[in-house]
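New to this one? Take a look at the sequence and the model below, and then we'll walk through a few spots together.

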Amino acid sequence: MPDIQSIEMFPNGDALTERAVALFLEAARDAVQARGRFTVALTGGSGPVGTYERLARSPEAVDWAKAFIFLGDERFVPPDDARSNYGQARRLLLDHVPVPPDQVFPVPTGAASPAEAASEYAETLARVFGVTPGGPLPAFDLILLGMGDDGHCASLFPHMPTLAVADAWTVSSPPGTLPPPVNRVTVTFPVLNAARRVVFLVGGENKASAVKDIFEGGATVEQHPAAGVNPAHGTLTWLLDKAAAGLLAR
Ligand code: 6PG
């Protein structure tokens, strides 16, 4: 179990976004105070859209000069493709805040293959975190995650071999069952569970069944990979809107 796990429920998406922004600001402030920089892995999907937009509207709220930005997962498409997670983060957030370009680390989707991109990304993690592959894990100050209807997170999909990877920080992942049907690159559970904070942003009725399975149905990691996110020495916060929490008994 993580040091601290909390589930917070909100009446609507705006309230959830407000809390996500507050947690982002707190994580950034704490990290800069403690270690002089803020390392964060962003997520794709619709979950973070409001959060990115809100952060972009108050660029002074984060010490962006000290931020180091990664993506927890990426679709294997060019950055200007509408399906690119980095492209979305750039359009909604990164283009609007003074983060130094050399502190932004998109997954290298120009690599020859998703597997090659994954291995290059692991090297980038090692360099920026000052660790060696096989040595201590890179510990992000914050990892944002969404969750798919099928309970996937990052690009860790149900019943896939990627769920069991313990000896690599990043791997390629074939498309899941949900759109878009593109190959992916994703961080693995060891990296997710080495983070100081993980925050899930989960909204919508289509998530309610997986949410119930995870919190009240004893879902396994194989069934709903999000159930496997349990930072060993960090905090885990689930932010749910009313619809996503709609099937929970408590
Ligand atoms: C991606 C993701 C993925 C996403 C979930 C939830 O590349 O699609 O990073 O893990 O977070 O699919 O997506 P929604 O927030 O759009 O439901």
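## A tucked-away threonine

Let's start with Thr 51, which is buried: its relative accessible area is just 2%, and anything under 20% counts as buried. You'll find Thr 51 in helix α2, which runs over residues 49-57. Setting aside neighbours within four places in sequence, Thr 51 is in contact with Thr 17, Ala 20, Val 21 and Leu 201.

## The buried side of α2

Which residues of α2 are buried? They are Thr 51, Tyr 52, Leu 55 and Ala 56. Because these residues cover an arc of only 130° around the axis, they end up on the same side of α2.

So what do the buried residues of α2 pack against? Their partners are the helices α1 (13-35) and α3 (85-92), along with the strands β2, β6 (142-145) and β9 (197-202).

## How confident is the model?

Keep in mind that this is a predicted model. The protein chain has an average pLDDT of 96, and 99% of the residues score at least 70. Confidence is highest in strand β2 (residues 38-42), with a mean of 99, and lowest in strand β1 (residues 4-10), with a mean of 92.

## Around the ligand

There's a ligand here too, with 16 residues surrounding it. The closest are Ser 46, Asp 73, Arg 75, Ala 154 and Lys 207.

Some of the distances are worth a look. A polar side-chain atom of Asp 73 sits 2.6 Å from an oxygen atom of the ligand. Backbone atoms join in as well: an N or O atom from the backbone of Ser 46 is 2.7 Å from a ligand oxygen, and one from the backbone of Gly 47 is 2.8 Å from a ligand oxygen. On its own the ligand would expose 410 Å², and the protein buries 89% of that.

## Backbone oddities in the loops

Ala 154, one of the closest residues to the ligand, lies in the loop between β6 and β7. Its phi is near 45°, a positive value in a residue that isn't glycine. Ala 154 is buried, with a relative accessible area of 7%.

His 159 is found in the loop between β6 and β7 too, and its phi is also positive, near 60°. Is His 159 buried or exposed? It's exposed, with a relative accessible area of 55%, as the cut-off for exposed is over 50%.

One last stop: Pro 179 and Pro 180 are joined by a cis peptide bond, with omega at about -5°. Pro 180 lies in the loop between β7 (170-173) and β8 (184-187).

Key: Residues are numbered from 1 along each chain as its sequence is written. This is a predicted model: local features need pLDDT of at least 70, side-chain atom pairs count only at pLDDT 80 or more; totals for chains, interfaces and linings use all residues. Side-chain values use heavy atoms; hydrogens and water are left out. Helices (H or I, at least four residues) and strands (E, at least two) are DSSP runs, numbered from the N terminus. Buried means under 20% relative accessible area, exposed over 50%, partly exposed in between (1.4 Å probe, protein chains only). Contact means heavy atoms within 4.5 Å. pLDDT is the predictor's confidence in each residue, from 0 to 100. The arc is that of the directions from the helix axis to the C-beta atoms. A residue is near a molecule or strand if one of its heavy atoms lies within 4 Å of it. A polar contact is a pair of N or O atoms within 3.5 Å; within protein, one must be able to donate a hydrogen and the other to accept it, and residues adjacent in sequence count only if both atoms are side-chain atoms. Accessible areas come from the Shrake-Rupley method with a 1.4 Å probe; for residues, only the protein chains shown count as cover.
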